[in-house]
Amino acid sequence: MSVHTEIKKVTTSVLRKMKTQGEKISMLTSYDFSMASIVDKAGIDVILVGDSAANVMAGYPTTLLITLDQMIYHAQCVVRAVSRAHVVVDMPFGYYESSEADAVRSAARIMKESGADSLKIEGGEEVLPCIQKIINAGIPVMGHLGLMPQSVNQYGSYALRANNESEAKKLIEDAKKLEAAGCYALVLEKIPAELAKKVTESISIPTIGIGAGGATDGQVLVVHDMLGINKGFTPKFLRRYANLADEMTEAIQHYISDVQSGDFPNENEQY
Ligand code: KIV
């Protein structure tokens with residue numbers, strides 16, 4: 001039987017075992033109880049309480065605007081819904097970069113107040129001391145390299161990253177450093193597929209790709225994007241598995257017309 005089928009709760013060691021056995025890891029975002037409940041029951045391996053909540057839930061233009069308290073709130077809602085999936089929470093921008101003490105304090109708050117299983121932190125060598133301190137405190141960390149949305153102002157766009165030799169070399173070195181620091185997995189966002197393959201083969205921890213090709217050990221998407229709830233985001237790497245925005249609009253219009261015509265509620269829908 002596969003690891004995916006036999007496991008009751010997905011832990012970091014389960015994810016490592018899946019890589020060893022060549023089983024692909026599935027990961028999706030969730031930010032609230034209802035969605036997390038559906039995603040978990042569907043059998044996903046990892047649920048990411050992403051700081052993409054800033055865009056998807058709050059309508060902010062970038063992920064930089066979400067606060068630690070808001071991330072903790074989203075994480076609490078998700079954790080209450082999940083029994084099988086591993087729940088990983090994004091460390092938001094501005095709460096870990098300035099000092100190791102700040103990093104451990106913020107990390108401990110997320111873990112203690114939400115009951116999540118681990119954290120995801122954007123960055124390589126530059127934030128390694130902070131990541132190391134958090135891991136030393138007993139908190140599992142998933143790294144995140146390539147396109148790092150929290151650094152968008154530095155680059156000025158969400159374009160493909162590590163598309164030249166020196167950036168690709170740094171990314172591979174960063175991946176090895178994150179593994180050596182004790183990260184249990186690594187997200188690779190929007191980098192050339194060939195580079196993602198090379199990273200995946202160079203480290204023993206699982207890689208989870210988004211816009212990074214098919215050779216990574218797993219895949220992650222924003223659930224609202226893949227379900228077609230958010231129709232405005234159409235990158236090449238996104239596959240849509242449903243068109244829920246259209247279905248929801250149709251259902252809501254149907255309801256409006258039923259209310260207007262007096263068809264709703266009928267005799268069976270009242271006391
Ligand atoms: O916040 C997020 O949703 C993410 C994924 C895109 C990996 O970091």
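This tour goes from the largest pocket to the ligand and then to two points of backbone geometry. The model is predicted, and residues are numbered from 1 along each chain as its sequence is written.

**Stop 1: the largest pocket**

Start by selecting S52, P149, E189, V222 and F233. Of the residues lining the largest pocket, these lie nearest its centre. The full lining has 31 residues. The pocket holds about 570 Å³ of space.

Next, colour the lining by class. You should find 16 nonpolar residues, 8 polar and 7 charged.

Now switch to cartoon and pick out the elements behind the lining. Four strands to show are β1 (25-29), β4 (118-122), β6 (185-189) and β8 (218-221). Add the helix α4 (53-56). Each of these elements supplies at least two residues of the lining.

**Stop 2: the ligand**

What takes up space in the largest pocket? The ligand does: the space it takes is this pocket.

Select the residues around the ligand: T29, L48, G50, D51, S52, D90, K120, H144, I210 and V222. By class, this shell has 3 nonpolar, 4 polar and 3 charged residues. Two names should be familiar from the first stop. S52 and V222 are among the residues nearest the pocket centre, and both are also around the ligand.

**Stop 3: polar side chains at the ligand**

Show the side chains of D51, D90 and K120, and turn on distances.

- K120: an N or O atom of its side chain is 2.9 Å from an oxygen atom of the ligand.
- D90: here a side-chain N or O atom is 3.1 Å from a ligand oxygen atom.
- D51: a polar atom of this side chain lies 3.1 Å from an oxygen atom of the ligand.

Then add a surface. On its own, the ligand has 260 Å² of accessible area, and the protein covers 95% of that.

**Stop 4: backbone geometry**

Leave the ligand and go to A162. This residue is in the loop between α8 (152-155) and α9 (165-181). Its phi is near 55 degrees, a positive value in a residue other than glycine.

Finish at F264 and P265. Which kind of peptide bond joins them, cis or trans? The bond is cis, with omega about -5 degrees. To find P265 in the cartoon, look in the segment after α12 (244-261).

Why stop at these two places? Most residues other than glycine have a negative phi, and most peptide bonds are trans.

Terms used: This is a predicted model: local features need pLDDT of at least 70, side-chain atom pairs count only at pLDDT 80 or more; totals for chains, interfaces and linings use all residues. Side-chain values use heavy atoms; hydrogens and water are left out. On a 1 Å grid over the protein atoms alone, a cavity is a set of points where a 1.4 Å probe fits but cannot get out, and a pocket is an open set with protein on both sides within 12 Å along at least five of seven lines; lining residues have an atom within 4 Å of a point. Grid points are joined across faces, edges and corners, and a volume is the space filled by probe spheres set on the points. Ala, Val, Leu, Ile, Met, Phe, Trp, Tyr, Cys and Pro count as nonpolar, Asp, Glu, Lys and Arg as charged, and the others, Gly among them, as polar. A residue is near a molecule or strand if one of its heavy atoms lies within 4 Å of it. A polar contact is a pair of N or O atoms within 3.5 Å; within protein, one must be able to donate a hydrogen and the other to accept it, and residues adjacent in sequence count only if both atoms are side-chain atoms. Accessible areas come from the Shrake-Rupley method with a 1.4 Å probe; for residues, only the protein chains shown count as cover. A molecule sits in a cavity or pocket if more than half of its atoms lie within 2 Å of its grid points.
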